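Please walk through this structure with me, from its strands and helices to its cores, its charged pairs and its loops.

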Amino acid sequence: MESATKDNNTKIQWHPAFCSAIQLELKADKGNLTYHREHNLNAKPLQIDLSVIKKAPNIVVDNEIGKLFREHNIMEYKSPGASLNIDTFYKVLAYACLYKSSREHVDFARADDITISMVRNQMPIKLLRSFKTHNYQVMNPYEGIYYIQKKVFLIHR
């Protein structure tokens with residue numbers, strides 16, 4: 001729970017007050033809403049399967065997978081038979097967002113310096129079809145490797 005130090009010994013807990021204030025604000029629709037305070041997003045700790053960090057930004061990795069790498073690269077592996085679908089994509093995208101925001105100083109990794117890669121033994125036909133339907137650019141530069149491009153978030157500089 002987020003807190004702020006009032007003095008050396010007392011911490012102010014802001015979230016309970018915020019939650020109560022929102023419930024009061026929305027009291028006219030009380031019967032239509034359900035509230036979950038501090039809702040856990042996962043049953044176990046969130047973990048990136050593999051992160052690959054380039055030691056210097058100007059390094060070019062001479063490999064079909066590595067050619068797309070930027071400075072920070074997050075990889076998700078799906079075992080044979082495991083599903084790779086649009087929800088998996090958003091989960092890995094969320095990992096990238098959490099990775100970006102989890103450091104001590106702001107913007108330690110620029111959003112456009114982060115890639116995500118999802119790996120599995122079969123082509124995810126439904127996922128690729130979904131990307132094309134939603135105007136993602138799908139490229140197939142190497143056999144079995146697909147590059148998906150679209151600005152998912154608007155980044156202001």
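Helices and strands are here DSSP runs numbered from the N terminus, a helix being H or I over at least four residues and a strand being E over at least two. In those terms, N135 sits in the loop between α3 and β6, the latter covering 137-142. The model is a predicted one.

N135 is a useful place to begin. Its phi is positive, about 65 degrees, although N135 is not a glycine. With a relative accessibility of 64%, N135 counts as exposed. Beyond this loop, β6 pairs with strand β7 (residues 145-149) in the antiparallel sense, over four bridges. Within that pairing, M139 has Y147 of β7 as its bridge partner. The hairpin made by β6 and β7 has two residues between the strands, and in this hairpin G144 takes a positive phi near 80 degrees.

Another strand pair is parallel. Strand β4 (residues 72-77) and strand β5 (residues 114-119) pair in that sense over six bridges. The chain passes from β4 through α2 to β5, giving a β-α-β crossover that is right-handed. Across the pair, E76 stands opposite M118 in β5.

E76 also takes part in charged contacts. Side chains of opposite charge can pair when their charged atoms come close. E76 forms a salt bridge with K78, with 3.4 Å between the closest N and O atoms. A salt bridge also joins the side chains of E76 and K91, at 3.3 Å from N to O. E76 belongs to strand β4 and K91 to helix α2, so this pair ties together parts that are 15 residues apart in sequence. Taken together, E76, K78 and K91 are linked in a network of salt bridges.

Are the members of this network buried or exposed, or do they lie in between? The cut-off for buried is under 20% relative accessible area, and partly exposed lies between that value and the 50% above which a residue is exposed. E76 counts as buried because its relative accessibility is 5%. K78 also counts as buried, at 15%. K91, with a relative accessible area of 32%, is therefore partly exposed.

The model has five salt bridges by the rule used here. One that involves other residues joins the side chains of R110 and D112, at 2.7 Å from N to O. R110 counts as partly exposed, at 35% relative accessibility, and D112 is partly exposed with a relative accessible area of 31%.

The stretch leading out of α2 can be followed next. S101 lies in helix α2 and is exposed, with a relative accessible area of 56%. S101 and A111 are ten residues apart along the chain, and their C-alpha atoms are separated by 9.9 Å. D107 is found in the loop between α2 and β5. Although D107 is not a glycine, its phi is positive, at about 60 degrees. D107 is partly exposed, with a relative accessible area of 31%.

The nonpolar residues come next. In soluble globular proteins, nonpolar side chains tend to be buried together. Which residues make up the largest nonpolar core of this model? There are seven of them: L84, F89, L93, L127, L128, F131 and Y136. Helix α2 (86-101) and helix α3 (125-133) are the elements that give two or more residues to this core. The largest share, three residues, comes from α3. A second core, separate from this one, has six residues, including I74, A96, Y99 and I114.

Some nonpolar side chains lie on the surface instead. F18, I22, L26, L33 and Y35 make a nonpolar surface patch of about 410 Å². Of these, F18 is found in helix α1, which covers residues 14-25.

To retrace the path, the parallel pair β4 and β5 is joined through α2 by a right-handed crossover, and the antiparallel pair is β6 with β7. Helix α2 gives residues to the largest nonpolar core, and K91 of the same helix α2 pairs with E76 of strand β4.

Methods. Residues are numbered from 1 along each chain as its sequence is written. This is a predicted model: local features need pLDDT of at least 70, side-chain atom pairs count only at pLDDT 80 or more; totals for chains, interfaces and linings use all residues. Side-chain values use heavy atoms; hydrogens and water are left out. A nonpolar core is a set of buried Ala, Val, Leu, Ile, Met, Phe, Trp, Tyr and Cys residues joined through side-chain atoms within 4.5 Å. Buried means under 20% relative accessible area, exposed over 50%, partly exposed in between (1.4 Å probe, protein chains only). Patches are made of residues with over 30% relative accessible area and no salt bridge: like charges are joined within 9 Å, nonpolar side chains (Val, Leu, Ile, Met, Phe, Trp, Tyr) within 5 Å. Accessible areas come from the Shrake-Rupley method with a 1.4 Å probe; for residues, only the protein chains shown count as cover. A salt bridge is a side-chain nitrogen of Lys or Arg within 4 Å of a carboxyl oxygen of Asp or Glu. Two strands pair if DSSP finds at least two bridges between them. A crossover is right-handed if, with the strands pointing away from the viewer, the path from the first strand over the helix to the second runs clockwise.
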